[in-house]
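Trainee: Please take me closely through the strand pairing in this model, and then through whatever packs or bonds around it. I would like each term to come with its cut-offs as you use it.

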Amino acid sequence: MKSGEAPAPDKPMRSGFTTGACAAATAKGAVKLLLTGIAPQQAVISLPAGFDHAFELIEQRLDADSASCATIKDGGDDPDATHQAKIVATVSWREEAGIELDGGIGVGRVTKPGLPVPVGEAAINPVPRRMITEAVSQVLEEHGATRGVRVVISVPDGEEIAKKTLNSRLGIIGGISILGTRGVVVPFSTSAYMASVVQAISVASASGCEEIVLTTGGSSEKYAMQMYSHLSEEAFIQMGDFVGFAVKHGKRLNMKKIILVGMPGKLSKVAQGVMMVHSKSAPVDFGFLAGIARDAGADPELVEAVAAANTASQVADLMTEAQCLKFFELLCGCACRHCLEHAAGGITVEMVLVTMKGQVLGKAVISG
């Protein structure tokens, strides 16, 4: 693959580059400037994804004992908060041999256990750390330099950008994280979201949580936080569509109780046994919902209306208007049983169905 040629994503959308890749490129540029006094316009680095990319460098600056370079992060078509963020590396000589790496302004610092970086250190994840160290080492070796260097990665707007993320809940304070395992960002990356779910559960576990609350998004999480206000903020995790994945990892990380809070559109699929509830993963089974309505005591006309419905939300409206609230309890019970089966038992599962306005429709709790 040619330099700078990113692999085509599954959809016709443009891939981008991680904060970790940008940090490695700016660090490489800064150490070149420190060694040669010549401001590089680009820095080419090898990405873990398997190809090289040339990053454009800006704001090259050389002082008496330090040098810095910056680049603007291009996140491609991924809707990431760090898209267009300025990533800066400042490199200076140090007395000791080797490479010291730290975070400056706008790079968060880890304050809670459970993350891949120890408490007290800059939130620069392991792969970006390795990328930065390798890029700097390469330049030092090329120029026969034996002195040690200190590398500081900064993001001038990082503290403001971090407000759009869940960093503070994870215990990353003062800025963003320097992330990335492949160097490239694939738009709407499933693997990246799943990794964030596991990281959030890990932090909850390390914080002493024995129960977590999984929600499908911000609205359901807001209502969940009101319902379970006795739980710490680390216990609340937005799992998105990855119900089965989140439940399994909750059990793996020693949660005794897993609570799911959401709306009928997605969680009715869990009651069917669908553990990945994206709109394209599986359709709502209205025949199944009609059977639940029948078991809840709905009259034949209402059962027929449920079978002919277009959306799960419409079914919820029908059952609410008919005051057939037993339907929602049965639906939650089915969902709990499927979650327990998916996790191979050993936990307690609670399910709460809410409306768009936060009204509780029904709930169930099952241990197994």
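Mentor: Two strands are said to pair if DSSP finds at least two bridges between them, and the strands themselves (E, at least two residues), like the helices (H or I, at least four), are DSSP runs numbered from the N terminus. This is a predicted model, in which local features need pLDDT of at least 70 and side-chain atom pairs count only at pLDDT 80 or more, while totals for chains, interfaces and linings use all residues. Residues are numbered from 1 along each chain as its sequence is written, and side-chain values use heavy atoms, with hydrogens and water left out.

Let us begin with a hairpin. Strand β2 (residues 42-46) is joined to β3 by five bridges, and the two run antiparallel; within this pairing, A43 has F55 of β3 as its bridge partner. Five residues lie between the strands of the hairpin, and G50 takes a positive phi near 110 degrees there. The side chains along β3 (residues 52-56) alternate: H53 and F55 point to one face and are buried, whereas D52, A54 and E56 point to the other and are not. Here buried means under 20% relative accessible area, exposed means over 50%, and partly exposed is in between, computed with a 1.4 Å probe on protein chains only.

Now to the open sheet, in which five strands follow the order β4-β5-β6-β10-β7 with mixed pairing. Strands β4 (58-62) and β7 stand at its edges, and each has a single partner strand, so one side of each is left without a neighbour in the sheet. On average, neighbouring strands of this sheet are turned by 15 degrees against each other, direction ignored. For this and the angles that follow, axes are lines fitted to C-alpha atoms, for helices over the stretch in contact, and angles run from 0 to 180 degrees between N-to-C directions. Within the sheet, β5 (residues 66-72) and β6 (residues 86-94) pair in the antiparallel sense over seven bridges, and I72 stands opposite K86 in β6.

Helix α1 (residues 19-36) packs on the sheet, where it touches β4, β5, β6 and β10, and its direction makes about 40 degrees with that of β6. Helix α2, in turn, lies across β6, β7 and β10 and runs at about 135 degrees to β7. A useful residue to follow is I132, which lies in α2 and, at 1% relative accessibility, counts as buried. Apart from its neighbours within four places in sequence, I132 is in contact (heavy atoms within 4.5 Å) with A23, A24, A27, L101, I124, V151 and I153.

The strands β7 and β10 also carry charged pairs. A salt bridge is a side-chain nitrogen of Lys or Arg within 4 Å of a carboxyl oxygen of Asp or Glu. One such salt bridge is formed by E100 with R150, whose closest N and O atoms are 2.7 Å apart; this pair links distant parts of the chain, since E100 is in β7 (residues 99-103) and R150 in β10 (residues 148-154), 50 residues apart. E100 counts as partly exposed at 30% relative accessibility, and R150 is likewise partly exposed, with a relative accessible area of 26%. R150 forms a salt bridge with D102 as well, at 3.7 Å between the closest N and O atoms, and this pair again links distant parts of the chain, R150 in β10 and D102 in β7, 48 residues apart. D102, at 19% relative accessibility, counts as buried.

For a further charged pair, E234 forms a salt bridge with K112, the closest N and O atoms being 2.2 Å apart. E234 sits in the loop between α6 (218-227) and β15 (236-238), and K112 in the loop between β9 (109-110) and α2 (126-142), so that the pair links parts of the chain 122 residues apart. Both E234 and K112 are buried. As for R150 and its partners, salt bridges that share partners join R94, E96, E100, D102, R109 and R150 into one network, and a search of the whole structure finds 17 salt bridges.
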